[in-house]
Amino acid sequence: LREGGDRYTNTFTKFAVLIGALAHDVGHPGFNNDYLVKSKHELAIRYNDVAVLENMHACLAFELMLGEQQHANFMADLKEADYATVR
């Protein structure tokens, strides 16, 4: 961003990148997608053998962020368009 990349992004895209970095590999079971699919692991079944780990990481991260504890949901007051950017 020091090289002028700021003109291609905004606060919410930066926020989304931060969320992605924090969520990367959350809940990782220690196996790769290929192994999960070939072993018919429950995660592969749940995500129809498509980007199994990526879907699981995103799902788990948003379950944690949007969970039962409303005081912890820092995205509750985002405008719909901003939420969509982060999501």
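Let me start with the buried side of helix H4, where Val52, Leu53, Met56, His57, Ala61, Phe62 and Met65 are all buried, and please keep in mind throughout that what we are looking at is a predicted model. What covers these residues? The cover over the buried residues of H4 includes helix H1, which runs over residues 11-23, together with H2, H3 and H5. As for the helix itself, the 14 residues of H4 should span 20 Å at 1.5 Å a residue, and the end C-alpha atoms are indeed 20 Å apart, so the expected and computed lengths agree.

There is a general point that helps when reading such a list of buried positions. An α-helix has 3.6 residues a turn, so residues three or four places apart point the same way.

One of the buried residues deserves a closer look, and that is His57, which sits in helix H4. His57 counts as buried because its relative accessibility is 8%, and the cut-off for buried is under 20%. Which residues does His57 touch? If we leave out residues up to four places away in sequence, His57 touches Ala23, Asp25, Val26 and His28.

Let me now step back to the whole chain, which has 5 helices and 0 strands, and which therefore reads along the sequence as α-α-α-α-α, given how helices and strands are assigned. The C-alpha trace spans about 45 × 35 × 20 Å along its principal axes. A compact globule of 87 residues would have a radius of gyration near 12 Å, whereas this chain has 16 Å. Buried residues make up 21% of the 87 residues, and the chain exposes about 6,600 Å², of which carbon and sulfur atoms supply 54%. If we take the contacts in the chain with a separation of 6 or more, residues 24 or more positions apart account for 47% of them.

From there I would like to turn to charged pairs, and to ask how many salt bridges a search of the whole structure finds. The search finds 2. In one of them, Lys38 pairs with Asp34, with the closest N and O atoms 3.2 Å apart. Both residues belong to helix H2, residues 33-38, and they are 4 residues apart, about one turn of the helix. Lys38 is exposed, with a relative accessible area of 62%, while Asp34 is partly exposed at 43%.

The other salt bridge joins Arg46 to Glu42, and here the closest N and O atoms are 3.9 Å apart. These two residues lie in helix H3, residues 42-46, again 4 residues apart and about one turn of the helix. Glu42 counts as exposed, at 56% relative accessibility.

What about aromatic side chains? The count comes to 1 aromatic pair. That pair is formed by Phe31 and Tyr35, which are stacked, at 4.5 Å centre to centre and with 20° between the planes. Phe31 is partly exposed at 37% relative accessible area, and Tyr35 is likewise partly exposed at 42%.

The loops are worth a few words as well, beginning with the loop between H3 and H4, where we find Asn48 and also Ala51. Asn48 is not a glycine, and yet Asn48 has a positive phi of about 55°. Ala51 also has a positive phi, near 45°, in a residue other than glycine. Is each of them buried or exposed? Asn48 is exposed, with a relative accessible area of 60%, and Ala51 is partly exposed, with 35%.

Further along, in the loop between H4 and H5, we meet Phe74, which is partly exposed at a relative accessible area of 45%. Leaving aside its neighbours within four places in sequence, Phe74 is in contact with Phe15, Ile19 and Met65, and Met65 is a residue we have already met, among the buried positions of H4.

Asp77 is found in that loop too, between helix H4 (52-65) and helix H5 (80-86). Asp77 counts as exposed, at 77% relative accessibility. To close with a sense of distance, Asp77 and Leu43 are 34 residues apart in sequence, and their C-alpha atoms are 31 Å apart in space.

Technical notes: Residues numbered from 1 in each chain as written. Predicted model: local features only at pLDDT ≥ 70, side-chain atom pairs only at ≥ 80, totals over all residues. Heavy atoms only, no water. Salt bridge = Lys/Arg side-chain N within 4 Å of Asp/Glu carboxyl O. Buried < 20%, exposed > 50% of the residue type's maximum accessible area, 1.4 Å probe, protein only. Phe/Tyr/Trp six-rings, centres within 6.5 Å; stacked < 30°, edge-to-face > 60°. Expected span 1.5 Å × (residues − 1). Contact = heavy atoms within 4.5 Å. Rg over C-alpha atoms; globule rule 2.2 N^0.38 Å. Areas by Shrake-Rupley, 256 points an atom, 1.4 Å probe, with all protein chains shown as cover.
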